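Student: I am new to this structure, and I would like to learn how to read what surrounds a ligand and how helices pack.
Tutor: Let us look at it together and begin with some vocabulary.

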Amino acid sequence: MEEQPPRHGRVVLVPCPFQGHLNPMLQLGAILHSQGFSITVVHTKFNSPNPSCHHEFTFQPIQDCLSPDEISSGNLVAILLALNCNCKTPFQECMTWMTQQQKPDDRVTCIIYDELMYFAEAAANHLKLSSLILCTTSVATAQSRVAIRQLKEEGCIPWPDSMSQDRVPNLHSLRFKDLPVSIFGVPDNFLDLISQTYNARTSSAVIWNTIDCLEQSSLEQQQRRYRPIPIFPIGPLHKFAPVSSSSLLNEDTSCITWLDKQPCNSVLYISLGSLASIDETEVAEMAWGLANSWQRFLWVVRPGSIPGSEWTESLPEGFREIVGGRGCIVRWAPQKEVLAHPAVGGFWSHCGWNSTLESISEGVPMICTPCFGDQRVNARYASYVWGIGLQLENKLERKEIEMAIRRLMVDSEGEEMRHKAQNLKEKVEICIKEGGSSYNNLKMLLEFMSF
Ligand code: UDP
């Protein structure tokens, strides 16, 4: 896709304001921009992206009216429902203003919105603009969210603990305990969000940050479900996008200098993403498990991720002295660069979908500790379906952690997972090369958008 692109119209992007959603949306924007589209990002004030990282885009904030209490509640479902309610009118006004101001050679041709920001669809319809949905989770997650709604209708929610290991009907490999429920379980507002997101939509296409080689049969089912609306699986988006950062926190690049000094495949990279938190007891178990494994590690401890601590104050006494130069701890890392570094031999992850795709793209095997939502589905796929990870199923406990780290980093079991992860990486490379599924789907998407 190197030839000089023709100039197309302006695309309006509406990201969902969480790191794991902003990244793929801004990556998509960068890809479209490189292909001749102008980009405006209409975003909430809450978690607004940093315009200085994307000089090529225009940024347009809208009021989201979230209260400090709502923001600090950590109740993602409530925040998403409030955003869809509060942003509808400001977005419509913003779009009306934009279309009145636009020059004939710079017209808004379509709106691409995160599937969770469904308020944007109504404004697109009102202004008779075409709209496309961006899905930033796996297809398996979308299918299991729909299954949750079905289970509710059949009176199977909540399910008893004794069923947690049972397979969910029609969901292939998933057990009840792998279903993507919120930290609060399956409250009515969660079902409301699922219904709003997966009810019949009027958008003209679905763009999916997934890859045919990972989810072929689920994608085929989904394509049948959406027909005649086309689905474009064009993941992993970060591999098509020009390198740039959309981090809400500052990336500490000193860890790359530290990695440069470590032997090949020797470092376990640890990150639980942008939202998950762990309590003090879990942190202590993680720390002692790490120390006792005697493996090198790079640990992202996100500020605020341990309730009651600003940063690393709750690490056990003596831990830093014991691990010494074997460990490096940062607030936030340039994760894609870290995973691509030859010193990194394993990723202990919460299994957010971006982290999972980024790990697979670099052939790095995983230790999976999902916390909530789609992380459970991704962890099950990584460990059970793709065989590139081992899942810690129980409460975090130092002995089990120590053994899991050694299984991944030292034992032949880890070697086998590394081998499978490398194979999967090669398959992904084929998908994104000329003639591969994601490459072809991206070409078709660009043709679709150029009409
Ligand atoms: N990330 C990062 N630096 C870090 C930790 C995470 O840049 O120290 C990025 C990571 O590369 C990924 C995103 O943050 O793109 C997290 O998204 P994911 O879907 O994995 O998890 P979430 O944060 O939504 O739970």
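Tutor: Ala, Val, Leu, Ile, Met, Phe, Trp, Tyr, Cys and Pro count as nonpolar, Asp, Glu, Lys and Arg as charged, and the others, Gly among them, as polar. By that sorting, the shell around the ligand divides into 6 nonpolar, 11 polar and 2 charged residues. The model is predicted, so local features need pLDDT (the predictor's confidence in each residue, from 0 to 100) of at least 70, side-chain atom pairs count only at 80 or more, and totals for chains, interfaces and linings use all residues. Residues are numbered from 1 along each chain as its sequence is written.

Student: How many residues surround the ligand, and which are the closest?
Tutor: A residue is near a molecule if its C-beta atom, placed from the backbone, lies within 6 Å of it. Here 19 residues surround the ligand, the closest being G20, G273, S274, G352 and S355. Helices are DSSP runs (H or I, at least four residues), numbered from the N terminus, and α14 gives the most to this shell, with 4 residues.

Student: Where does the ligand lie with respect to the domains?
Tutor: Domain bounds come from an automatic or database domain assignment. Because domain 1 (10-245 + 434-449) and domain 2 (253-429) both give residues to the shell, the ligand lies between them.

Student: What describes two packed helices?
Tutor: They are described by the angle between their axes and the distance between the axes. Axes are lines fitted to C-alpha atoms, for helices over the stretch in contact, and angles run from 0 to 180 degrees between N-to-C directions. The axes of α6 (residues 139-153) and α15 (residues 374-385) come within 9 Å and cross at roughly 125°.

Definitions and conventions: Helix = DSSP H or I, 4+ residues; strand = E, 2+ residues; numbered from the N terminus.
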